[in-house]
Amino acid sequence: MRTAQQILADSAVIAVVGASRDPSKAAHRVPAQMQRHGWRIIPVNPMVDELFGERAYASLADIPHPVDLVDVFRPARDAVEVVREAVAIGAPAVWLQLGIVSPEARRIAEKAGIDYVEDRCLIVERAAAGLTRLG
């Protein structure tokens, strides 16, 4: 299992499940900041067509290209299904944002052999490691 910072360093494309169009929500601010630091953000939200200048998708299965990391901004009760979907699309890592914990989702990820992080914030870990994808 890679550390949270290794996962970020190794990832270029992040699918954000539950990405929000509301700039006051963390589910908007966090992916927007990651994008400003050079990560490609793929929003997964069935209620919008586009976010962050990228086409939004209704589900992980609808994304037509590989993703390096699935970032989850959904309640813990939804995390199990999101992790199952991440495994199904071959995502190498899943990240549950700050405040989201799911022992069952963790078991599914571990059984599938994918990296799993929970209850941590992408932008905090990015800043702590001084990571950027900008040249």
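# A look at the fold and its helix pairs

From the N terminus on, the chain's elements run α-β-α-β-β-β-β-α-β-α-β-α. That comes to 5 helices and 7 strands, where helices (H or I, at least four residues) and strands (E, at least two) are DSSP runs numbered from the N terminus. Keep in mind that this is a predicted model: local features need pLDDT of at least 70, side-chain atom pairs count only at pLDDT 80 or more, and totals for chains, interfaces and linings use all residues. Residues are numbered from 1 along each chain as its sequence is written, and side-chain values use heavy atoms, with hydrogens and water left out.

## Overall shape

The C-alpha trace spans about 35 × 35 × 25 Å along its principal axes. For 135 residues, a compact globule would have a radius of gyration near 14 Å, and the chain's 13 Å agrees with that; the radius is taken over C-alpha atoms, and the globule rule is 2.2 Å times the number of residues to the power 0.38. Buried residues make up 48% of the 135 residues. Here buried means under 20% relative accessible area, exposed means over 50%, and partly exposed is in between (1.4 Å probe, protein chains only). Take the contacts between residues at least 6 apart in sequence: 62% of them join residues at least 24 apart, with contact meaning heavy atoms within 4.5 Å.

## α3 against α4

Two packed helices are described by the angle between their axes and the distance between the axes. Helix α3 (residues 76-88) packs on helix α4 (residues 103-112) at an angle of about 15°, with the axes 8 Å apart. That makes α3 roughly parallel to α4, as angles under 35 degrees count as roughly parallel, over 145 as roughly antiparallel, 65 to 115 as roughly perpendicular and the rest as oblique. The axes are lines fitted to C-alpha atoms, for helices over the stretch in contact, and angles run from 0 to 180 degrees between N-to-C directions.

On the α3 side, the residues in contact are Ala 79, Val 80, Val 83, Arg 84 and Val 87; they meet Glu 104, Ala 105, Ile 108, Ala 109 and Ala 112 in α4. By class, this contact has 8 nonpolar, no polar and 2 charged residues. For the record, Ala, Val, Leu, Ile, Met, Phe, Trp, Tyr, Cys and Pro count as nonpolar, Asp, Glu, Lys and Arg as charged, and the others, Gly among them, as polar.

## α2 against α5

Helix α2 (residues 26-36) and helix α5 (residues 122-129) pack at about 35°, with their axes 9 Å apart. Val 30, Gln 33 and Met 34 of α2 make the contact with Leu 122, Ile 123 and Arg 126 of α5. Sorted by class, these residues give 4 nonpolar, 1 polar and 1 charged.

In α2, Ala 27, His 28, Val 30, Pro 31, Ala 32 and Met 34 are buried. The buried residues of α2 pack against α1 (4-10), β1 (13-17), β2 (40-44) and α5. After α2 comes Gly 38, with a positive phi near 105°.

Arg 126, in helix α5, counts as buried at 9% relative accessibility. Arg 126 and Met 34 are 92 residues apart in sequence, yet 8.2 Å apart C-alpha to C-alpha. Leaving aside neighbours within four places in sequence, Arg 126 is in contact with Leu 8, Gln 33, Met 34, His 37, Trp 39 and Leu 131.

## Some loop residues

Here are four residues that sit in loops.

| Residue | Loop between | Relative accessibility |
|---|---|---|
| Ser 11 | α1 and β1 | 1%, buried |
| Phe 52 | β3 (50-51) and β4 (54-55) | 16%, buried |
| Phe 73 | β5 (69-72) and α3 | 16%, buried |
| Asp 119 | β7 (115-117) and α5 | 36%, partly exposed |

Most residues other than glycine have a negative phi. Phe 52 has a positive phi of about 55° although it is not a glycine, and for Asp 119 phi is near 60°, also positive in a residue other than glycine.

Not counting residues within four places in sequence, Ser 11 is in contact with Trp 39, Asp 68, Leu 69 and Arg 133. With residues up to four places away again left out, Phe 73 touches Val 16, Val 17, Gly 18, Ala 26, Ala 27, Val 30, Pro 31, Gln 97 and Ile 100. The C-alpha atoms of Phe 73 and Leu 98, 25 residues apart along the chain, are separated by 8.8 Å.
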